Amino acid sequence: MTSNATEIAFRGDLSKLDLDTEYRSTKNDPVETFYKKCLRNADLYQRAVGYFRSSVLLIIGRTLLEFARRGGRIQLICSPSLSEEDVRSISGGYARRDEVLASAVIEEFDRLLAEPSTAFPAKALATLISCGALEVRLAQLISGNGIYHEKIGLFTDGFGHTVSFRGSTNETWSGWHAEGNFEAIEVFCDWDGPSDRIRIEKHRNHFATLWSGKDPSVTVSAFPETAEIYLRKYAANSIEEIMESVPVTPTSRRQPLPHQTEALEAWRRQGCRGIFEHATGTGKTFTAIVAIRDHVRTGKPALVLVPSRLLLHQWAEEISDEIPDAALMLAGDGQNRWKLHGRLKSMTAADLELGPRVTLAMMPTAATDLFLAGVAESDELLLVVDEVHQIGSPINSRALKIAAGLRLGLSATPRRYGDTEGTKRLMDYFGGVVPPPITLGDAMKAGRLVPYQYFPHAISLNADEADQWLDFTNRIKKEIARSSTDSNGKKLLSERAKMLLIQRSRIAKKATAKVDLAVRTIKREYRDGQSWLIYCEDSEQLGDVVNALRVTGIETIEYHSNMIGDRVATMEWFHKFGGILVSIKCLDEGVDIPKVSHALILASSQNPRQFIQRRGRVLRISPCKNMAQIHDAIVRPLSSESEPEQLGLLRGELIRAIEFANGAINKSAGAELRAIAMEMGIDIDDLAARDGVEEDD
């Protein structure tokens, strides 16, 4: 590429900067206090990173363009955004690598151009490349199923001073912005002593090896010429020209991401009715808070319902931070001000003179006659329900009597497992899911969740457990045979049948072999400094796992509602030092432990909501966490001939396991599951979600 960037004499001095040794995105604003300060004093920026998105220009903006205008150069190595089909085409020799890479780059660029929120950074990116200020090379691993995903950067000034950094931050909006991911970087300055100089030299040499294509484990390709020619069509004539059109940076402390804005616009197009089916990690709580903020700022009322005490207080903190001018009243968990005469009615009334108001209530409280009678129903009332699947239960669904004009539900998995009536109740009330849903794969591709490896471990019930399973199976069959049928001739599950199904499922969830699996896995895989989470079914299984590990000399950290000690202090300790956290389902909703990099799932729920949530907890972004590992216990019969009644159990286990395997970056897990299915005479491609029972907390 021929550079026509304006060369301007510049002698910035990085060594005069007062830089910290580390930065965290939510605490000390690394964009302003680190990134921009270094750009203003450097003339070369070298970056090797898993993901780059032009949306980063929305927050770096004029500073980055000014860096380029005065002759600064950027060398960027990043992973291309390739589909599985692209990878197969390259690996199989069906298409040339350059053609596939060019096509992927152009497709991504067109998508950015088409969106008003990203059109400017896309054009700025094209201009930087066209002017020669930005040179991009694309990195792919030579072997394995993973992606190039490390993150290092170097700033160098005209005096030869260098600042390097490494950490969890991708070169994206969500990577650097204070309202994006929780990210952290470590910083090294070559004037700060021999230790930092050694680190920087290693980073510089590694980058040079990558840039020159000499790293034996990574293929580094030049930016496709076809893509460069295409981008030039949308580039400005100069850096000065693109700088004249830099959008004004919003002054609000927190702004929604593009996908959040798009979701809100789609919800409004549906008449302010619908459910956000958004994966863990996509910020659906903040998306809803934006809707609430926009609604109440005109004096209109909002009512938020949550299923648990923990979420009640988390929401209260978020609302207080984001909508400080709104009056906030809590209902539930001992908060009783709403019972005062006329208090709830005034907090929900459609009277603009009363100002911004938010009532935050627990679902069981909102479902009481006293609460329902106190709500002032109107077309001006906004009702937001978090973990909306919970409100479909027979008790909580009484709150769906509230005639609110605007309705918004939130859940990664809004459909109730084995409860078509409950699902219909909440879908009818909210008007269905707001398209498009945001899947876990979408969240990983956007850098909101880390990729993961999946390792299924087959175990079997012991003789006593197998006998209990057979006994429950026979009792369930008899109970279902006595049940009535619906209009389609399908057997309706009686309450007794549901209870028997739940009791039978717990035999598999608490199989003795799972404790032995936990010990074997931890002894083989755990290393000091790692952060593991072991999901257990109940306190009894948790105790068995803790004791079994202690016998082998391995200490653990317990986390559950009945634990002795301070749960907050326990979590702070785990966040700081890591270790092995053994917990039960109190982590399913509302508790985030982004530090967890490894999980062992013993409580093998077949409820999609539960296992999808548990996976999402493990994939949260955290400093220096580039990937997660999930180990999963799969209960299978000893043989299809001797224990045919357990084949239904295995089918349910396989449905969950296949879901996990399909999203993992290691494809060996899928092959293992197919082998198990074939051995048991199960066609894995014909498996479909089974009926089950939703267990409400």
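# A walk through the predicted model

In this predicted model, the axes of helix H21, which covers residues 512-525, and of helix H22 come within 9 Å and cross at roughly 40°. Since an angle that is neither under 35 degrees, nor over 145, nor between 65 and 115 counts as oblique, H21 is therefore oblique to H22. The crossing in which H21 passes H22 is right-handed. On the H21 side the residues that meet the other helix are Lys-514, Val-515, Ala-518, Val-519 and Ile-522, and on the H22 side they are Gln-541, Asp-544, Val-545, Ala-548 and Leu-549. Sorted by class, the residues of this contact between H21 and H22 divide into seven nonpolar, one polar and two charged.

From the end of H22 the path leads to Thr-556, which is found in the loop between helix H22 (539-551) and strand E17 (557-559). Thr-556 counts as buried because its relative accessibility is 17%, and the cut-off for that word is under 20%. When its neighbours within four places in sequence are left aside, Thr-556 is in contact with Val-546, Leu-549, Ile-580 and Val-582. Leu-549 thus appears in two settings, as a residue of H22 that takes part in the meeting with H21 and as a contact of Thr-556.

Other pairs of helices can be read in a similar way. Two packed helices are described by the angle between their axes and the distance between the axes. Helix H19 (residues 463-481) and helix H20 (residues 495-509) pack at an angle of about 165°, and their axes are 10 Å apart. Because that angle is over 145 degrees, H19 is roughly antiparallel to H20, and the crossing of H19 and H20 is left-handed. From H19, the contact draws on Glu-465, Gln-468, Trp-469, Phe-472, Thr-473, Arg-475, Ile-476, Glu-479 and Ile-480, while H20 supplies Arg-496, Ala-497, Leu-500, Leu-501, Gln-503, Arg-504, Ser-505, Ile-507 and Ala-508. By class, the contact of H19 with H20 holds nine nonpolar, four polar and five charged residues.

Further along the chain, helix H25 (residues 647-663) packs with helix H26 (residues 668-679), again at an angle of about 165°, with axes that are 9 Å apart. These two helices, H25 and H26, are therefore roughly antiparallel to each other, and H25 passes H26 in a left-handed crossing. H25 makes the contact through Leu-650, Leu-654, Ala-657, Ile-658 and Ala-661, and H26 through Ala-669, Gly-670, Leu-673, Ile-676 and Ala-677. In this contact of H25 with H26 there are nine nonpolar residues, one polar residue and no charged residues.

The loops hold some details of the backbone. Cys-272, although it is not a glycine, has a positive phi of about 60°, and it is found in the loop between helix H11 (258-269) and strand E9 (273-277). With a relative accessible area of 16%, Cys-272 is buried. Glu-387 is another residue other than glycine with a positive phi, in this case near 50°, and its place is in the loop between strand E13 (378-385) and strand E14 (404-411). Glu-387 counts as buried, because its relative accessibility is 6%. A further detail concerns the peptide bond from Pro-435 to Pro-436, which is cis, with omega near -5°. Pro-436 has its place in the loop between helix H17 (420-430) and helix H18 (440-445).

The cysteines raise a question of their own. A disulfide is a covalent bond between the sulfur atoms of two cysteines. How many disulfides does a search of the whole structure find? The search finds zero disulfides. Cys-189, for example, is in no disulfide, and the nearest cysteine sulfur, that of Cys-38, is 7.4 Å away, whereas a disulfide would need the two sulfur atoms within 2.5 Å. Cys-189 is buried, with a relative accessible area of 4%, and Cys-131 also counts as buried, at 1% relative accessibility.

Finally, these places can be set within the whole chain. The protein chain has 26 helices and 20 strands, and of its 697 residues 56% count as buried. Among the contacts in the protein chain between residues at least 6 apart in sequence, 76% join residues at least 24 apart.

Technical notes
Residues are numbered from 1 along each chain as its sequence is written. This is a predicted model: local features need pLDDT of at least 70, side-chain atom pairs count only at pLDDT 80 or more; totals for chains, interfaces and linings use all residues. Side-chain values use heavy atoms; hydrogens and water are left out. Axes are lines fitted to C-alpha atoms, for helices over the stretch in contact, and angles run from 0 to 180 degrees between N-to-C directions. Helices (H or I, at least four residues) and strands (E, at least two) are DSSP runs, numbered from the N terminus. A crossing is left-handed if the near helix is turned anticlockwise from the far one by less than a right angle, and right-handed if clockwise. Contact means heavy atoms within 4.5 Å. Ala, Val, Leu, Ile, Met, Phe, Trp, Tyr, Cys and Pro count as nonpolar, Asp, Glu, Lys and Arg as charged, and the others, Gly among them, as polar. Buried means under 20% relative accessible area, exposed over 50%, partly exposed in between (1.4 Å probe, protein chains only).
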